[in-house]
Amino acid sequence: MLRPWAAHWITAVLLCRAVAQYSSDQCSWRGSGLSHESHRRDVEQVYLRCSQGSLEWLYPTGAIFVNLRPNTEPSSGHMAGLHVCIKPRPHSQGSHVYLEHDGELRMLLAEKDQALGTVHCFSPAEGALFVEAVPQADISRRITAFQYELVSSQWPGAHLPYLHPGLVTCKPCSDEDVLMAVCTSDFAGRGVFRGGTSGANDRSPAVVTLSRLFRQKTRVFAWGGARGRGWVGRINVPAQCSVQPGGDEYLLTGSVHFGDAWLGCAPRYRDFQKLYLTAQKTGGNPCEIDTD
């Protein structure tokens, strides 16, 4: 339901959409509320067209309407299962974050909750981000800042607790998912679980050592040095799932979101070798890797 205090903002948003311009960066935006005239209640349009980036609003006054429009054609199928996730910076304050859809506002993230740095996700069909400044006598120390990512719920072995809270399953991946995961995941390697560390309620970080690193898009794993035994790093495992330290080697795959690695498909490595060799003989492997 549209609140009376929001009617002015929504009207302003609808009027200014036609004349809004894309930001020069298109991935990240940084602006200041000091550019607003004090007697006006401005709604500034922000367009972001990348799969990840950030927003930083210094001295927030008025409101900003954030349009997240990735460079993907809706008819291409890439939008299926897509979610927008935002993570506020620990110092973020000065505004509330809403979802706006058909003239209605729904609270997504209150100002008081932003210091927790909790990730919040929503489907693009649920609306666009509407960030409203909280009236303050002194805005000199207020900065609203968050990172955003476009996250698919359809990548192999997707187990992100904040994407579907309470619905995380720990069932093994199918053979097709395993073969796809080793080729398309943000990281893939052969390794063992060394132990766990304390984490948040929705995750249990696991320390892993890899003897082989097939791929990593970002620096999740670091070489252990001249005397090191391989690549070392931490992978988040959903709290509902468990891992066994030591013992068997696993194929470890997964995704990286907001700098954190999350475990995806993780079959025992000997099982993966058999699966891969069988697929290689039949031409069913999506990519070529050296499994030995």
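**Exercise 1. Strand S6 and its partners**

Determine how many bridges join S6 to S7 and in which direction the two strands run.

*Solution.* Five bridges connect S6 with S7, and the two strands are antiparallel. The model examined here and in the following exercises is a predicted one. Across this pairing, histidine 101 is placed opposite glutamate 104 of S7. The two strands make up a hairpin that has two residues between them. Within the turn, aspartate 102 has a positive phi of about 50°.

The next step turns to S9. Strand S6 (residues 95–101) is joined to strand S9 (residues 128–133) by six bridges, and this pair also runs antiparallel. Two of the positions can be checked in the structure: serine 95 has alanine 133 as its bridge partner in S9, and tyrosine 98 has phenylalanine 130. As a general point, strands of a sheet pair through backbone hydrogen bonds, either parallel or antiparallel.

The last step concerns burial. Of the seven residues of S6, five are buried, and the strand is therefore mostly covered, given that buried means under 20% relative accessible area.

**Exercise 2. The sheet as a whole**

State the order of the strands in the open sheet of five strands, and identify which strands stand at the edges.

*Solution.* The order is S2-S4-S9-S6-S7, and the pairing is mixed. The edges are taken by strand S2 (43–48) and strand S7 (104–109); each has a single partner strand, so one side of each is left without a neighbour in the sheet. Between neighbouring strands of this sheet the turn is 30° on average, direction ignored.

**Exercise 3. The surroundings of glycine 94**

Decide whether glycine 94 is buried or exposed, and find which residues glycine 94 touches.

*Solution.* Begin with its place in the chain: glycine 94 is in the loop between S5 and S6. Its relative accessible area is 0%, and glycine 94 is therefore buried. Leaving aside residues up to four places away in sequence, glycine 94 touches Pro60, Glu111, Glu132, Ala133, Val134, Arg142 and Thr144. Finally, compare sequence with space: glycine 94 and glutamine 136 are 42 residues apart in sequence, while their C-alpha atoms are 7.9 Å apart.

**Exercise 4. The disulfides**

Establish how many disulfides there are, counting pairs of cysteine sulfur atoms within 2.5 Å, and describe the links of cysteine 27, cysteine 85 and cysteine 173.

*Solution.* The count comes to four disulfides. In general, a disulfide is a covalent bond between the sulfur atoms of two cysteines.

1. Cysteine 27 is linked to cysteine 50, with sulfur atoms 1.9 Å apart. The link is left-handed, with -65° about the S-S bond. Cysteine 27 lies in the loop between helix H1 (7–16) and strand S1 (29–32), and cysteine 50 lies in the loop between S2 and strand S3 (52–58), so the pair ties together parts 23 residues apart in sequence. Cysteine 27 counts as partly exposed at 25% relative accessibility, whereas cysteine 50 counts as buried at 17%.

2. Cysteine 85 is linked to cysteine 121, with sulfur atoms 2.1 Å apart. The pair links distant parts of the chain, 36 residues apart: cysteine 85 is in strand S5 (residues 82–88) and cysteine 121 in strand S8 (residues 120–122). The torsion about the S-S bond is about 105°, so this disulfide is right-handed. Cysteine 85 is buried, with a relative accessible area of 0%, and cysteine 121 counts as buried at 18% relative accessibility.

3. Cysteine 173 is linked to cysteine 265, with sulfur atoms 2.1 Å apart. The torsion about the S-S bond is about -95°, so the disulfide is left-handed. Cysteine 173 lies in the loop between strand S10 (143–152) and H2, and cysteine 265 in the loop between strand S16 (260–263) and H3, so the pair ties together parts 92 residues apart in sequence. Cysteine 265 is buried, with a relative accessible area of 1%.

**Exercise 5. Helices H2 and H3**

Find at what angle the axes of H2 and H3 cross, and name which residues make the contact.

*Solution.* The axes of helix H2 (residues 175–184) and helix H3 (residues 269–282) come within 11 Å and cross at roughly 90°. H2 is therefore roughly perpendicular to H3. The contact is made by Asp175, Val178, Leu179 and Val182 of H2 together with Phe272, Leu275, Tyr276 and Ala279 of H3. Sorted by kind, the contact residues are seven nonpolar, no polar and one charged.

Conventions: Residues are numbered from 1 along each chain as its sequence is written. This is a predicted model: local features need pLDDT of at least 70, side-chain atom pairs count only at pLDDT 80 or more; totals for chains, interfaces and linings use all residues. Side-chain values use heavy atoms; hydrogens and water are left out. Axes are lines fitted to C-alpha atoms, for helices over the stretch in contact, and angles run from 0 to 180 degrees between N-to-C directions. Helices (H or I, at least four residues) and strands (E, at least two) are DSSP runs, numbered from the N terminus. Angles under 35 degrees count as roughly parallel, over 145 as roughly antiparallel, 65 to 115 as roughly perpendicular and the rest as oblique. Contact means heavy atoms within 4.5 Å. Ala, Val, Leu, Ile, Met, Phe, Trp, Tyr, Cys and Pro count as nonpolar, Asp, Glu, Lys and Arg as charged, and the others, Gly among them, as polar. Two strands pair if DSSP finds at least two bridges between them. Buried means under 20% relative accessible area, exposed over 50%, partly exposed in between (1.4 Å probe, protein chains only).
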